[in-house]
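Please read the following briefing alongside the sequence and the coordinates. Topics are taken in turn: confidence, nonpolar cores and one buried arginine.

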Amino acid sequence: MKKKILPLALGLVLFFTLGIIALLAGLQRPVSASVSEPLAETVVLPTVIVPTIAPDKVEEADKLLQEIQSQIEEANKKYLKDGWLHIVYQTKNSVASDGTIGNGISIPQEYTMDDWYFLEDDGAMKTSAVSFMRDTAGNIVQYSVLYKGKWHNKTINDITDASPFAPKIDFGFANRAAEMSQSISKQELKTENLVSYTLPIQLAAPIQLAGYDQPTQGTVEKAYFHADGSGLFKLETYMILPDGNQVLDSVTTMLILENLEKPSEEIVKILEEVQQ
């Protein structure tokens, strides 16, 4: 199979090889932005090898990509509509991050994100949002509030500008699948009522990552969707070692995905406080 090398679009592999799902989620909260700052200065974006697909496999690859996009479109119709989008997901990283949020606060190896976004008629978040990062004990590591076009990180007392955006409730998997559709494979898990798609990404040159003894040759993503079209259930990322073995790097599991008419009383109180 012939191969061609392309620049890595949008930091695709960078986000995965850093093992920080919050970065690639596309939710654009200051929680993830603050995590990326100390890393952006030292990490050079790698390139990926995109395999040239055989002519007789083109139709099959296109079909799988259409399935993934249909999954996302169906879930978006359910959740990206007027109201409060509430997303809770848990991320477990196999190795500890050497990054910090700020003020000496370390990024937990395992954490839960609890996000509330007020969506308007185009499914975009523009005016109000609250985002929490919690540790395994439920303690708040940091939280941020969107008010009047600015994110207020209440933990480190930082304020940053915000732009309207549509949350990606698949953590951007569909976009990456479109970039690498030649490599997609599918597996149905009938006993769990799930369907999974595997997306391997090979780097043009290996890179050495903190926490790993061996360089990384690439990554493999496994996205698990509910078969009933209710959205993403879990996203796993594996590192490809020089000998071809795959090592689990991170697992992100969707715990809550819902669209509500009103936010919780806690969120109402926080929004009122930031307006004062």
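The notes below begin with the basis of the model and then go through its features by topic.

This is a predicted model, in which local features need pLDDT of at least 70 and side-chain atom pairs count only at pLDDT 80 or more, while totals for chains, interfaces and linings use all residues. Residues are numbered from 1 along each chain as its sequence is written, and side-chain values use heavy atoms, with hydrogens and water left out.

**Confidence**
- The mean pLDDT (the predictor's confidence in each residue, from 0 to 100) of the chain is 79, and 80% of its residues reach 70 or more.
- Over residues 1-44 pLDDT stays under 50.
- Where pLDDT is low, the predicted coordinates should not be read in detail.

**Nonpolar cores**
- The largest nonpolar core (buried Ala, Val, Leu, Ile, Met, Phe, Trp, Tyr and Cys residues joined through side-chain atoms within 4.5 Å) has 43 residues, of which L85 and F173 touch the most other members.
- Helix α4 (residues 58-79; helices are DSSP runs of H or I, at least four residues, numbered from the N terminus) supplies the largest share of this core, six residues.
- A second, separate core of nine residues includes V130, F132, V145 and L271.

**R134**
- R134 lies in strand β7 (residues 125-134; strands are DSSP runs of E, at least two residues).
- With a relative accessible area of 16%, R134 is buried, a term that means under 20% with a 1.4 Å probe and protein chains only.
- Leaving aside neighbours within four places in sequence, R134 is in contact (heavy atoms within 4.5 Å) with residues including Y111, N139 and E266.

How values were computed:
Buried < 20%, exposed > 50% of the residue type's maximum accessible area, 1.4 Å probe, protein only.
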